[in-house]
Amino acid sequence: MPTFPKLPAALLVGMGILASRVSGLIRNKVFAYYFGDTDLAGVYRAAQRIPNVLQNLLGEGALSASFIPAYARLLAEGRTDEAGRLAGAIFSLLAVVVAGLVAAGMALAPWLTRFIAPGFTGENYALTVTLVRIFFPGIGLLVLSAWCLGVLNSHRRFLLPYAAPVALNLVVILTLLVFGGQPLEHLVVWTTWGNVVGSAVMLAVQLPTVWRMAPPLQLGFQLDGAPTREVIGNFFPALVSRGVAQISGYLDNILASLISPGAVGILGYAQDVYMLPVSLFGLAISAAELPALSSATGTPEAVAAQMRERLKQAVRQMSFFVIPSSVAFVVLGGSIVGVLYRGGRFDDNATAAVWLTLAAAAIGLRAATQARLYASGFYALGDTRTPLRYALARVGLGAGGGAVAALYLPGRWGLPSAWGVAGLAAASGLAAWVEFVLLRRSLHGRIGPLADNRLERAGLWLCALLAAGSAWAVISLVAPAVSSGASWRWLADLGGLALYGGVYLTAAVVLRLTPFDLQARLRRLAGSDGGVADSE
């Protein structure tokens, strides 16, 4: 049966992440409806962040950086038996380590809460401890899901593992709707249990495909093989690097808790929106490129040339999407936040506070996304230590700047506390630029400089600003006329955002600034031979 050409890996990753993020936004919309910017929203966010250290450290970041290059290389060389032994050994080690850390985390929940949310007291503190203990087992299951992601990505199966979080989000949404009539202090506990059940479902939907695609897995602690030793040797520097990167987020959470529990919620809402382009374009493209970069073969010069070409195209793709995202966060952030969250207990004041934080975070959006790509370049070269050094620099700068911006400047200048939350986001963004510049300079020293088309990038900024001006003008004219109706206001914001996307894309196509040939892609997808696209 004739089929269409396979979809590009980055597109498959992006489709999976898009499905996951859209369902996550719906989940957050429902959550915001019930909890708004109340203290309980901050309690939930803080409790979720504490055990998330397991997922962030042992999960996708560190595991992908160490496991995928070695496993993909064995598959490329036809050494399937060794690949099966490697995958089985890593799963066994991961399961034992995660079980121990989950048990320790549940036991140490009171002290972890004191550390991550020192501003919480009384009932807020006690409830946070309870939620942390519930969250930990679910996060352990998410770490095992990251192992599934590593295996499936190495087999060029990208859609399923990145779309799997849809299952988790649906379970949480269902939990909120079923128990939404209960008091908030009870609802927040049920929502946490929904996360645990959803994590189990998310792992379960991936396992059948893993068993089918992977070579026969040999579970056990077979640590004598060279590939296993390579993964373990690279895992710990990647673990520390990932951990250092996560410290920045935890420090932001600590500083926000010193402002108020509600500030933690505002920061969390803004981070959810900010992570959309980071995940869709930074993570999607970087994740798709890592197996390909790791599979480059030939002389050192040939490997460097292959890597430069792939990275150049990846940078162009990122810029095409990230530049308009940055502009939208600053100019149209109120409409974005309004469409996603406004309603119920999430009022106009909460919308303005999240928009302010989102606009400040946009400072570092391009740096944060492209830093992921350059870090993948180092991981493909087997170097997990260089990204670690630069992550340390970013955390130090972000922490120092965030403390000043959150706790000193608002009081000094007589500003509301919401400006302190925005200051945290801005300081993290500036620190991300330092990390990005250091990574780019070092990687260029290893493989040679990438061509930098500044004129094309300037054209993308021009297109985005033109589109933002058009959308802002329309929203400004329409919004006052429909301010009395929440549904009409939502539609006005949504229409303005749609106009923004349409104008940007049209201008980019007219100026030939797209990193791909849209017309050629459409012709291939609408080919006359019929058939079904091979999406994986």
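Q: What makes Glu 309 and Lys 312 a salt bridge?
A: The term asks for a side-chain nitrogen of Lys or Arg within 4 Å of a carboxyl oxygen of Asp or Glu. In Glu 309 and Lys 312 the closest N and O atoms are 3.6 Å apart, so the pair passes the test. This is a predicted model: local features need pLDDT of at least 70, side-chain atom pairs count only at pLDDT 80 or more, and totals for chains, interfaces and linings use all residues. Residues are numbered from 1 along each chain as its sequence is written, and side-chain values use heavy atoms, with hydrogens and water left out.

Q: Where do Glu 309 and Lys 312 lie along the chain?
A: Both sit in helix H13 (residues 300–331), three residues apart, about one turn of the helix. A helix here is a DSSP run of H or I with at least four residues, while a strand is a run of E with at least two. By that count the chain has 21 helices and zero strands.

Q: Are Glu 309 and Lys 312 buried, partly exposed or exposed?
A: Buried means under 20% relative accessible area, exposed means over 50%, and partly exposed is in between (1.4 Å probe, protein chains only). Glu 309 has 41% and Lys 312 has 26%, so each of them counts as partly exposed.

Q: How do you know that Asp 348 and Arg 489 form a salt bridge?
A: Their closest N and O atoms are 3.3 Å apart, so the pair meets the salt-bridge limit. This pair links distant parts of the chain: Asp 348 is in helix H15 (residues 348–361) and Arg 489 is in helix H20 (residues 486–510), 141 residues apart. Both partners are partly exposed, Asp 348 at 41% and Arg 489 at 24%. There is a network here too: salt bridges that share partners join Arg 342, Asp 348, Arg 489 and Asp 493. In total, the structure holds nine salt bridges.

Q: Why is helix H14 described as largely enclosed by the rest of the structure?
A: H14 (residues 333–341) has nine residues and nine of them are buried, so the description fits. Among those buried residues are Ile 336, Val 339 and Tyr 341. After H14 comes Gly 343, which has a positive phi, near 140°.

Q: What makes Arg 394 a buried residue?
A: Its relative accessible area is 13%, so Arg 394 counts as buried. You can find Arg 394 in helix H17 (residues 385–413).

Q: How do you know that the side chains of Arg 394 and Glu 435 make a polar contact?
A: Inside a protein, that means N or O atoms within 3.5 Å, one able to donate a hydrogen and the other to accept it; residues adjacent in sequence count only if both atoms are side-chain atoms. The Arg 394 and Glu 435 side chains make theirs at 2.7 Å, so the distance fits.

Q: Why is Thr 128 called buried and Pro 137 partly exposed?
A: Thr 128 has 0% relative accessibility, so it is called buried. Pro 137 has 30%, so it is called partly exposed. Helix H7 holds both Thr 128 and Pro 137. Leaving aside neighbours within four places in sequence, Thr 128 is in contact (heavy atoms within 4.5 Å) with Val 43, Ala 47, Thr 113 and Phe 120. On the same basis, Pro 137 is in contact with Val 102 and Met 106.

Q: What makes a group of residues a nonpolar core, and which members touch the most others in the largest one?
A: A core joins buried Ala, Val, Leu, Ile, Met, Phe, Trp, Tyr and Cys residues through side-chain atoms within 4.5 Å. The largest has 118 residues, and Phe 35, Phe 67, Trp 147 and Tyr 500 touch the most other members. Helix H7 (residues 122–154) gives the most to this core, with 16 residues. Apart from it lies another core of 27 residues, including Ala 314 and Ile 447.

Q: How much of the chain is buried?
A: Of the 536 residues in the chain, 55% are buried.
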